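The following paragraphs lead the reader through one protein model, from backbone details to a helix, a pocket and groups of aromatic rings. Please keep the sequence and the structure in view while reading.

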Amino acid sequence: MSMHKIKLALVLLVAILLHVHAFAQETFPDGTPIPDWFRQNSPTDIHKLGKSYRITDYSVKNDSTIIQTQRIQAVIDKAAAAGGGVVVIPKGTFMSGALFFKQGTHLYLEEGAKLKGSDDISDFPLVMTRMEGQTLKYFAALVNADGLDGFTISGKGTIDGNGLRYWKSFWLRRQFNPNCTNMDEMRPRLLYVSNSKNVQVSGVACVNSPFWTTHWYKCENVKLLNLHIYSPKAPVRAPSTDAVDIDGCKNFLIKNCYLSVNDDAVALKGGKGPLADKDPNNGSNENIIIEDCIYGFCHGVLTLGSESIHDRNIILRRLKVNNAERLLWLKMRPDTPQDYEYVLVEDIEGSDIGNFLFVRPWTQFFDLKGEKASRDSYSRNITMRNIKLDCDNFFNVGVAENRGNANAFNYKLSDFTFENLTIKAKNNLKIDTSIIPNFKLKNVTVNGEKLY
């Protein structure tokens, strides 16, 4: 064979291989390719992040009884002033109020290290921040990062929110005033990262948060890898301690994590109110993947809402779930325009689950803010497949009520797909296909009976 023919054959072979690769490439639910970024998950190498600043070398004492916010912050500031570096928490317990990381600085917790939050709210200043779909003044988190590129938290240590005192105060306030909101009882979050990109949090435990555990606002390219996120449901319930709140973010990966909290495990936020889609402070969540995780108790494995205006290309896959109240929860808020689209839930095994699918109006603190009519909302292109689950309720879906009424629950469901489901359920066994146009069902078995 001539050299010319060999070159042509090689070109043809390369073209075929590229075509095969493109054809085999995974896609998001809307058909767009999943970038390789989601598969490139190397452990954080702190040796590549600059000088290490071991806090005990800078007048911080290994003493769990004293609050050392100023001294720890001084180490962060020193690292930032020198062009960046890694703030190292060594073995031991170090108590602090709000800490603010700066460009080029990172947090590393050695095995046996614990950064423990103060249980005095005065150690957390009021700042402009984001809470429950609003931009307002509220308390800073224990660990804060804003406007950073490349921020990391890593190690085998623990960030402990020390939430018990806050939880007890919350429930006492609820006894006194049943109508109090989540934010009426003043309490900080564990980790708040905003307006940042290329962030990775890996290896650490995030436990006992007073309020939301990790909250991400307007971030891009975020990876949460091999985390242990926990708050208790007994003997004192840890209220509103969501594991991961994603608030107007793009390209977000949660992988190989353990999530067990007394609220939603992963909740998609973004804004609330009748004009929420017009507010530049709000935003959509796009390209979110949660995979290869283990779930303990939670209210929702994946929850869209309650403060959410647009969620697109959301994948929840390859999970083991035990004792969750809901697998997929679509909170349809009648005072907010919502569009939940292209959601895929697949390859799940679960037991002791309250609801396989839960779709209901979310009317807590309903407020049209002077507008005359409630807003239309949509959930569409929702696929749930390859799932084996034991639950109380299979198809717990409510229809929109009193359409045309100013206070109607005007949401529309369409283009749902159930495929390869093996379900054991006590209630809501049948699917009312009439309430969801273009509902596709294939190989759905409930309590040993193939229904579709």
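A residue is called buried when its relative accessible area is under 20%, exposed when it is over 50%, and partly exposed in between. The model shown here is a predicted one. Asparagine 386 offers an application of these terms: its relative accessible area is 30%, and it is therefore partly exposed. Asparagine 386 belongs to strand β28, which covers residues 377-397, and its phi is positive, at about 55°, although it is not a glycine.

Arginine 318 may be described in a similar way. It is located in strand β25 and has a positive phi of about 55°, again without being a glycine. Because its relative accessibility is 35%, arginine 318 counts as partly exposed.

The backbone also contains cis peptide bonds. One of them joins alanine 234 to proline 235, with omega near 0°; proline 235 sits in the loop between β17 (228-230) and β18 (244-247). Another runs from glycine 305 to serine 306, with omega near 5°, and serine 306 is placed in the loop between β24 (302-304) and β25 (310-322).

Attention now turns to helix α3. This helix comprises the 13 residues 164-176; at 1.5 Å a residue it should span 18 Å, and the 19 Å between its end C-alpha atoms agrees with that expectation. Within α3, Tyr166, Trp167 and Phe170 are buried. These residues cover an arc of only 100° around the axis, and so they lie on the same side of α3. Arg165, Leu172, Gln175 and Phe176, on the other side of α3, are exposed.

Helix α3 also contributes to the largest pocket, whose volume is about 530 Å³. Its lining consists of 27 residues, and Asn182, Ser240, Asp263, Trp362 and Gln364 are those nearest the centre. At least two lining residues come from each of α3 and β26 (326-332). The largest share, three residues, is supplied by α3. Sorted by class, the lining holds eleven charged, eight polar and eight nonpolar residues.

How many aromatic pairs does a search of the whole structure find? The search yields 18 aromatic pairs. Phenylalanine 28 and phenylalanine 38 make up an edge-to-face pair, with 5.7 Å from centre to centre and 80° between the planes. Both partners are found in the loop between α1 (3-24) and β1 (52-54), ten residues apart. Phenylalanine 28 has a relative accessible area of 2% and is therefore buried; phenylalanine 38, at 3%, is likewise buried.

A further edge-to-face pair is formed by phenylalanine 356 and phenylalanine 418, with centres 5.5 Å apart and planes at 90°. Phenylalanine 356 lies in strand β27 (residues 338-361) and phenylalanine 418 in strand β29 (residues 411-427), so this pair ties together parts that are 62 residues apart in sequence. Phenylalanine 356 counts as buried because its relative accessibility is 0%, and phenylalanine 418 is also buried at 0%. One aromatic cluster is made up of Phe356, Phe394, Phe395, Phe416, Phe418 and Phe439.

Finally, glutamate 449 lies in strand β31 (residues 449-450). With a relative accessibility of 47%, glutamate 449 counts as partly exposed. Its C-alpha atom is separated by 9.8 Å from that of lysine 424, which is 25 residues away along the chain.

Definitions and conventions
Residues numbered from 1 in each chain as written. Predicted model: local features only at pLDDT ≥ 70, side-chain atom pairs only at ≥ 80, totals over all residues. Heavy atoms only, no water. Helix = DSSP H or I, 4+ residues; strand = E, 2+ residues; numbered from the N terminus. Expected span 1.5 Å × (residues − 1). Buried < 20%, exposed > 50% of the residue type's maximum accessible area, 1.4 Å probe, protein only. Arc of directions from axis to C-beta. 1 Å grid on protein atoms, 1.4 Å probe; cavity = no way out; pocket = protein on both sides within 12 Å on 5 of 7 lines; lining within 4 Å. Points joined across faces, edges and corners; volume = space filled by probe spheres on them. Nonpolar A, V, L, I, M, F, W, Y, C, P; charged D, E, K, R; others polar. Phe/Tyr/Trp six-rings, centres within 6.5 Å; stacked < 30°, edge-to-face > 60°.
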